[in-house]
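Biologist: I am new to this model and would like a close look at a single part of it, followed outward into its surroundings. Please explain each term when it comes up.

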Amino acid sequence: MKSVETWGWDHDTLQGAKIYQQQLGIFLRGFMRAERHNITWDEETVKLWDASTSRQLSIFTDYAIDITGVLFSSDSNLVMAAYADGNLSIRSVNDPTPTIVRCHPKAMTCLSTVPFFPHHFVTASSDSTVKFWDIRNTSTCWQTTSALSPVTALHVGLGVLVPGGYDKKARIFSIQPFNNQIPFGLMRTLSHPQRITSIEGFQQNIILGGKNGLIKRWYSPSSVK
């Protein structure tokens, strides 16, 4: 059985996950909340809940492949689930029928929204790539960049992309939108003594969490030249 994994969630969300686990008697692999809905997931199942009543609304099981991440779209109307075979399912909170997108040839490891583009999202994979997608047209990838190592964690902030690699390094890329494209510039490579499992941005700092969850290092992107 799985316990709550706390990768990448703030204190309030973690408390919410614990409450769901206690009240509903489920063991979570992940928890995410939006204004009207919450989602929980385990290895192969995603559940949608009413945020105000904690009533289960839907249960999604696409196929017997491990779920590696789940994400609400920026407007909270779509639920995306990443899978260990590199596929992504996208469905409306009001319609259980999924659209399946082939995003990566290897396991998808991370999902993120993009702060400066509300219709876009980012996927990352053990194939060492990070891809930008337009949720309005997922037939082709919008843009791809190399993360230089299989990606184990990801942070997308305002003007910054930080993939953490299996090689225990996090690379800070500057990203600036220009003519519907995003040029990438590697600003700095950060090392961590453990395999990186979480990356968070907080008040101009980047927090790196290690495999054991005990060692974290703080860096300031503003000091990177």
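Modeller: What follows starts from the nonpolar core and the strands around it, and then moves on to two sheets.

This is a predicted model, in which local features need pLDDT of at least 70 and side-chain atom pairs count only at pLDDT 80 or more, while totals for chains, interfaces and linings use all residues. Residues are numbered from 1 along each chain as its sequence is written, and side-chain values use heavy atoms, with hydrogens and water left out.

As a frame for the close look, the protein chain comes to one helix and 19 strands, where helices (H or I, at least four residues) and strands (E, at least two) are DSSP runs numbered from the N terminus. Of its 225 residues, 48% are buried; buried means under 20% relative accessible area, exposed over 50%, and partly exposed in between, with a 1.4 Å probe and protein chains only.

The largest nonpolar core has 17 residues, and those touching the most other members are Val 122, Val 130, Phe 132, Leu 154, Leu 161 and Ile 182. Such a core is a set of buried Ala, Val, Leu, Ile, Met, Phe, Trp, Tyr and Cys residues joined through side-chain atoms within 4.5 Å. At least two residues of this core come from each of β9 (108-114), β10 (117-125), β11 (129-134), β13 and β15. In soluble globular proteins, nonpolar side chains tend to be buried together. Leu 154 gives a view of the surroundings: leaving out residues up to four places away in sequence, Leu 154 touches Cys 110, Ser 112, Val 122, Ala 124, Leu 161, Val 162, Pro 163 and Ile 199, a contact being heavy atoms within 4.5 Å.

Among the strands that supply the core, β9 is largely enclosed by the rest of the structure, because five of its seven residues are buried. Strands β9 and β10 form a hairpin with two residues between them, and the two strands pair in the antiparallel sense over six bridges; pairing requires that DSSP finds at least two bridges between two strands. One of these bridges sets Leu 111 opposite its partner Thr 123 in β10.

Cys 110, which Leu 154 touches, is buried at 10% relative accessibility, and Cys 103 is buried at 2%. A disulfide is a covalent bond between the sulfur atoms of two cysteines. The structure holds zero disulfides, the criterion being a pair of cysteine sulfur atoms within 2.5 Å. For Cys 103, the closest cysteine sulfur is in Cys 141, and at 8.1 Å that is too far for a bond.

Two of the strands that supply the core, β13 and β15, also belong to an open sheet of four strands, ordered β13-β14-β15-β16 with antiparallel pairing. Its edge strands are β13 (151-157) and β16 (184-191), each pairing on one side only. Neighbouring strands of this sheet are turned by 20° against each other on average, direction ignored; axes are lines fitted to C-alpha atoms, for helices over the stretch in contact, and angles run from 0 to 180 degrees between N-to-C directions. Strand β15 (residues 169-175) is joined to β16 by seven antiparallel bridges, and Ile 172 has Arg 188 of β16 as its bridge partner. Gly 185 lies in β16 and is partly exposed, since its relative accessibility is 28%. Although Gly 185 and Ser 174 are 11 residues apart in sequence, their C-alpha atoms are 5.0 Å apart in space, and beyond four places in sequence Gly 185 is in contact with Ile 172, Phe 173 and Ser 174.

Another open sheet has the order β5-β6-β7-β8, again with antiparallel pairing. Its edges are β5 (67-72) and β8 (95-102), and because each has a single partner strand, one side of each is left without a neighbour in the sheet. Five bridges join β6 (residues 78-83) to β7 (residues 87-92), with Arg 91 in β7 as the bridge partner of Val 79. Asn 87, in strand β7, is buried at 13%, and its side chain makes a polar contact with that of Arg 102 at 3.3 Å. Such a contact is a pair of N or O atoms within 3.5 Å; within protein, one must be able to donate a hydrogen and the other to accept it, and residues adjacent in sequence count only if both atoms are side-chain atoms. The residues that Asn 87 touches beyond four places in sequence also include Met 108, a position within β9 (108-114).
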